[in-house]
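Here's a quick tour of a protein chain for anyone who likes to poke at coordinates. Have a look at the model first, then read on.

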Amino acid sequence: MAKNYEKDITTAGWPDPEVVAKSLDMLDLGKEIKILDFGCGTGLLGYNLKALGYKNVTGLDASDEMLKKAQEKDSYIKLDKCLLGSNQFPEELKGKFDVAVCSGVLAKNHCPKETFAEMVQCLDP
């Protein structure tokens, strides 16, 4: 899936990574905020965030192949493997981020509802 993922979504006209990045930028929270990209996949959202000047982005994904593609973009300070919604959320990521983002993750039959709880857990109170 990782091999053709970006080509497939580009062909389908899927603008979500760019839209999410621009929407976050419109909040004007500052470029140094700590961002956790849930289900970062091949790193398209991280790439768009980096293009807007964000430097403190961490990515999570369940696929080693997707994480490898994301690493190639050099848009993340850290990438971790995690199956979202599986009660295996890394303890060291809880309470560490200012913002949680995702693109193409919260879809029917993709990630379970427990993913929402993990998104809240990662935020700095």
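## A buried loop residue and its surroundings

Let's start with Phe89, which sits in the loop between β3 and β4. Bear in mind that this is a predicted model.

Is Phe89 buried or exposed? Its relative accessible area is 8%, and since anything under 20% counts as buried, Phe89 is buried. What does Phe89 touch, once its neighbours within four places in sequence are set aside? The contacts are Leu36, Phe38, Leu60, Cys82, Lys94, Glu118, Gln121 and Cys122. Take Gln121 from that list: Phe89 and Gln121 are 32 residues apart in sequence, yet their C-alpha atoms lie 8.9 Å from each other.

The loop between β3 (78-81) and β4 (99-102) also holds Asn87. Asn87 is exposed, with a relative accessibility of 73%, whereas Phe89 is buried.

## The chain as a whole

Stepping back, the protein chain has five helices and four strands. Read from the N terminus, the elements go α-α-β-α-β-α-β-β-α. The chain has 125 residues, and buried ones make up 40% of them. About 7300 Å² of surface is exposed, with carbon and sulfur atoms supplying 52% of that area.

How do the contacts spread along the sequence? Of those between residues at least 6 apart in sequence, 63% join residues at least 24 apart. For a pair with a long sequence separation, try Gly104 and Leu45: they are 59 residues apart in sequence, and 9.9 Å apart in space from C-alpha to C-alpha. Gly104 belongs to the loop between β4 and α5 (114-121) and, at 41% relative accessibility, is partly exposed. Its partner in that pair, Leu45, is a buried residue of α3.

## Where α2 meets α3

Now for a helix pair. Helix α2 covers residues 16-26 and helix α3 covers residues 44-51; they pack at an angle of about 40 degrees, and their axes are 8 Å apart. Why call them oblique? An angle under 35 degrees would count as roughly parallel, and the roughly perpendicular range is 65 to 115, so α2 and α3 are oblique to each other. The crossing of α2 past α3 is right-handed.

On the α2 side, the contact is made by Pro17, Glu18, Val20, Ala21 and Leu24, while α3 brings in Leu44, Leu45, Asn48 and Leu49. Sorted by class, that gives seven nonpolar residues, one polar and one charged. An α-helix has 3.6 residues a turn, so residues three or four places apart point the same way. As for burial in α3, the buried residues are Leu44, Leu45, Gly46, Asn48 and Leu49.

## Positive phi values

A few backbone angles deserve a look too. Here they are side by side:

| Residue | Phi | Note |
|---|---|---|
| Asp28 | about 55 degrees | not a glycine |
| Asn87 | about 60 degrees | not a glycine |
| Gly53 | about 105 degrees | just after α3 |

Where does Asp28 sit? Its place is the loop between α2 and β1 (35-38), and with a relative accessible area of 68% Asp28 is exposed. Asn87, also listed with a positive phi, is likewise exposed at 73%. Both values are over the 50% cut-off for exposed residues. Gly53, for its part, takes its positive phi just after α3, the helix that packs against α2.

Methods:
Residues are numbered from 1 along each chain as its sequence is written. This is a predicted model: local features need pLDDT of at least 70, side-chain atom pairs count only at pLDDT 80 or more; totals for chains, interfaces and linings use all residues. Side-chain values use heavy atoms; hydrogens and water are left out. Axes are lines fitted to C-alpha atoms, for helices over the stretch in contact, and angles run from 0 to 180 degrees between N-to-C directions. Helices (H or I, at least four residues) and strands (E, at least two) are DSSP runs, numbered from the N terminus. Angles under 35 degrees count as roughly parallel, over 145 as roughly antiparallel, 65 to 115 as roughly perpendicular and the rest as oblique. A crossing is left-handed if the near helix is turned anticlockwise from the far one by less than a right angle, and right-handed if clockwise. Contact means heavy atoms within 4.5 Å. Ala, Val, Leu, Ile, Met, Phe, Trp, Tyr, Cys and Pro count as nonpolar, Asp, Glu, Lys and Arg as charged, and the others, Gly among them, as polar. Buried means under 20% relative accessible area, exposed over 50%, partly exposed in between (1.4 Å probe, protein chains only). Accessible areas come from the Shrake-Rupley method with a 1.4 Å probe; for residues, only the protein chains shown count as cover.
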